[in-house]
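Please work through the exercises below with the sequence and the coordinates at hand. Each task is followed by a solution that proceeds step by step.

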Amino acid sequence: MMSTSEHKPEYLSNFGYLYLDKLLRLQQKPVPFTPGEPLFWDDDHISKQMLAAHLSQETDLASRKLETIERSILWLVNYLNLKIGQSLLDLGCGPGLYTNRLAQQGLQVTGVDYSRRSISHARQAAQEQRLDINYRCQDYLTLQDRESYDVVLLIYGDYCTFNPQQRQQLLQNALRALTPGGFFVLDITTRAGRKKLGQKNGWYVTESGFWKPGPHLVLEQGFDYPDQDLYLDQSIVIENDGRISVYRNWFQDFNPRTISAELTQAGFRVDSLWNDLQGTPYREDSDWIGVVAQKPEIP
């Protein structure tokens, strides 16, 4: 998650003059995990765009399409041999696309997400479908639940957006939240998939867009750190009055060895690795790795 430290806005111009030195500075390759705008996913405008992206069936930008989600749920229920009444925690649940369907399977479901707008939508959808789901608006890096769930989910690459210290905290939170023998399920990106996406480098001007409700210029850049399996997706946004906002999304890619090492060090046992969370066998050229890990039983 983004730093909650005080953030002072920068401006590109003053009295009609462009300060290009600021742009040059911002376009330099930053130190890994340098933060951008803090907690921007809960911004009133951006969260509205994110919710629309989650619900869209035209792209997989924010959430996977419903047909994929439904296949994943059926596979998870069967593979984990989940029974009616078992408890499940979905971290980064968004608008409830997984949680609602898991509750329909008879599971006791809790969803946690930092976006107030997404949680509000999820609660409304659950109420309309008469589903008893516990939704919490919370940064799951602060999760304190203890031995409360048979399964913890973290789906669609959320794990990859955190720095090493945050990932360590997240794994400890998930381990603590699970009952002995419980499962932690996540999926992560790979360098093979990263190469297919390519490196961003472009710009556009819009009257209103994803980042801002008014006119703005967007400078998109991608920075690759191949020695660290790390990638930065950066957008510099310049508004009419010259105000600059820098949005940074960091992505830590993994392979079977690196993800297994992190999970094992945190106290998990790796159960299995997959090409996805639909039961497709893992291949070395996979864009994603689906991971099923387990909290050890008490001796």
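The exercises that follow concern a predicted model, and they go from the whole chain to single residues.

**Exercise 1. Overall form**

Task: Compare the radius of gyration of the chain with the value for a compact globule, and describe the extent and the burial of the chain.

Solution: Begin with the length of 299 residues, for which a compact globule would have a radius of gyration near 19 Å; the chain has 20 Å, so the two values agree. Next, take the principal axes, along which the C-alpha trace spans about 70 × 45 × 35 Å. The secondary structure within this extent consists of eight helices and 14 strands. Then turn to burial: buried residues make up 50% of the 299 residues. Finally, consider the contacts with a separation of 6 or more, of which 65% are between residues 24 or more positions apart.

**Exercise 2. Surface and charge**

Task: State how much area the chain exposes, and how its positive and negative side chains are placed relative to each other.

Solution: The chain exposes about 15100 Å², and carbon and sulfur atoms supply 49% of that area. As for charge, there are 30 positive and 37 negative side chains, and the centres of these two sets lie 2 Å apart.

**Exercise 3. Two aromatic pairs**

Task: Classify the ring pairs W75–W274 and W211–Y247 by geometry, and locate their members in the chain.

Solution: The structure holds 15 aromatic pairs. In one of them, W75 and W274, the ring centres are 5.0 Å apart and the planes stand at 75 degrees; since planes over 60 degrees apart count as edge-to-face, this pair is edge-to-face. W75 belongs to helix α3 (residues 66-79) and W274 to strand β13 (residues 269-274), so that the pair links distant parts of the chain, 199 residues apart. With a relative accessible area of 14%, W75 is buried, and W274 likewise counts as buried at 16%.

For W211 and Y247, the ring centres are 4.2 Å apart and the planes are at 10 degrees, which makes the pair stacked, given that the cut-off for stacking is under 30 degrees. Here W211 sits in the loop between β9 (201-206) and β10 (216-225), while Y247 lies in strand β12 (residues 243-252), 36 residues away along the chain. Both W211 and Y247 are buried. To complete the picture, ring pairs link these two residues with F40, W41 and F210 into a cluster.

**Exercise 4. Positive phi angles**

Task: Examine the phi angles of N81 and D229, and say where each residue is placed.

Solution: Start from the general expectation that most residues other than glycine have a negative phi. N81 is not a glycine, yet its phi is positive, at about 55 degrees. This residue is in the loop between α3 and β4 (87-91), and at 46% relative accessibility N81 counts as partly exposed. D229, also not a glycine, has a positive phi of about 50 degrees, and its place is in the loop between β10 and β11 (230-239).

**Exercise 5. The segment after β14**

Task: Decide whether E297 is buried or exposed, and identify its contacts beyond neighbours within four places in sequence.

Solution: First, place E297 in the segment after β14 (288-294). Its relative accessibility of 55% means that E297 counts as exposed. Nevertheless, once neighbours within four places in sequence are left aside, E297 is in contact with P180 and G181. The C-alpha atoms of E297 and G182 are separated by 8.3 Å, although these residues are 115 residues apart along the chain.

Definitions and conventions. Residues numbered from 1 in each chain as written. Predicted model: local features only at pLDDT ≥ 70, side-chain atom pairs only at ≥ 80, totals over all residues. Heavy atoms only, no water. Helix = DSSP H or I, 4+ residues; strand = E, 2+ residues; numbered from the N terminus. Rg over C-alpha atoms; globule rule 2.2 N^0.38 Å. Buried < 20%, exposed > 50% of the residue type's maximum accessible area, 1.4 Å probe, protein only. Contact = heavy atoms within 4.5 Å. Areas by Shrake-Rupley, 256 points an atom, 1.4 Å probe, with all protein chains shown as cover. Lys, Arg positive; Asp, Glu negative; His and termini not counted. Charge placed at Lys NZ, Arg CZ, Asp CG, Glu CD. Phe/Tyr/Trp six-rings, centres within 6.5 Å; stacked < 30°, edge-to-face > 60°.
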